[in-house]
Amino acid sequence: RKEYVDLYVNYKFNKSVQKPFEDFMQGFLRGCPAKNWKMFFPEELQVLLQGQRTFDWHLLEKNVIYTEYTESDQTIRNFWTVFHELPEEKKKMFLVFLSGSDRISGYGLQPFTFCIADPQKENPDESSPSVITCTLTLFLPR
C-alpha cells in the first residue's frame with residue numbers, strides 16, 4: 001500500500017504537471033533569465049518582485065507634491081494628522097486607493113512620490129476624495 005500511495009502522490013504532484021510546468025518555466029526563463037536572479041538572496045528577490053511590505057509613513061509624507069495646496073494648509077495638516085492615526089492596515093488600504101497596490105516597488109518609499117491636488121470644486125463639502133492611479137494624484141477637496 002505504501003508503494004502505491006507513494007507512486008500515486010508522485011504522479012499527482014510531479015508527473016501529471018511536468019509538461020505544463022516545463023512550458024511555464026521555459027516561458028518564465030525567457031523573460032527572466034535565472035542567471036540574472038542568482039545574485040540576490042531569496043529575501044531580496046522577494047522584495048524586488050513583490051515590493052516592500054513595511055513603510056516609513058513619514059517619508060511618504062515628505063515625498064508629496066502639492067498642487068493648489070501648501071504643506072501648511074489646514075486641509076493638508078488635517079489629512080496627515082488623520083492618516084498617521086490610522087492603523088497599519090488602513091494605511092495600506094490608502095495605498096491601494098492611491099496606486100492600485102498595497103505595496104511599493106522594491107526601491108522603497110524614497111523615490112515614491114504622489115501628488116495631492118485641490119479639485120477646485122464649487123462646493124467641496126459635497127465631493128469626496130478621488131484619485132488618478134496612473135499619475136498617483138489624490139484630489140482632496142478643501
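In this predicted model, four strands form an open sheet. Their order is 1-2-4-3, and the pairing is mixed. Strands of a sheet pair through backbone hydrogen bonds, either parallel or antiparallel.

**The sheet**
- Strand 1 (65-67) and strand 3 (130-132) stand at the edges.
- Each edge strand has a single partner strand, so one of its sides has no neighbour in the sheet.
- On average, neighbouring strands are turned by 20° against each other, direction ignored.
- Strand 2 (residues 115-117) and strand 4 (residues 137-139) run parallel, joined by 3 bridges.
- Within this pairing, Cys115 has Thr137 of strand 4 as its bridge partner.

**Helices on the sheet**
- Helix 6 (residues 74-85) packs on the sheet and touches strand 1, strand 2 and strand 4.
- The direction of helix 6 makes about 130° with that of strand 2.
- Helix 7 (residues 88-99) also packs on the sheet, where it touches strand 3 and strand 4.
- The direction of helix 7 makes about 100° with that of strand 4.

**The cysteines**
- A disulfide is a covalent bond between the sulfur atoms of two cysteines.
- The count of disulfides here is 0.
- Why is Cys115 not bonded to Cys134? The cut-off is 2.5 Å between the sulfur atoms. The sulfur of Cys134 is the closest cysteine sulfur to that of Cys115, but it is 13 Å away, too far for a bond.
- Cys134 is likewise in no disulfide, with the sulfur of Cys115 as its nearest cysteine sulfur.
- Cys115 is buried, with a relative accessible area of 14%.
- Cys134 is exposed, with a relative accessible area of 71%.

Conventions: Residues numbered from 1 in each chain as written. Predicted model: local features only at pLDDT ≥ 70, side-chain atom pairs only at ≥ 80, totals over all residues. Heavy atoms only, no water. Pairing = 2+ DSSP bridges. Helix = DSSP H or I, 4+ residues; strand = E, 2+ residues; numbered from the N terminus. Axes fitted to C-alpha atoms, helices over the stretch in contact; angles between N-to-C directions. Contact = heavy atoms within 4.5 Å. Buried < 20%, exposed > 50% of the residue type's maximum accessible area, 1.4 Å probe, protein only.
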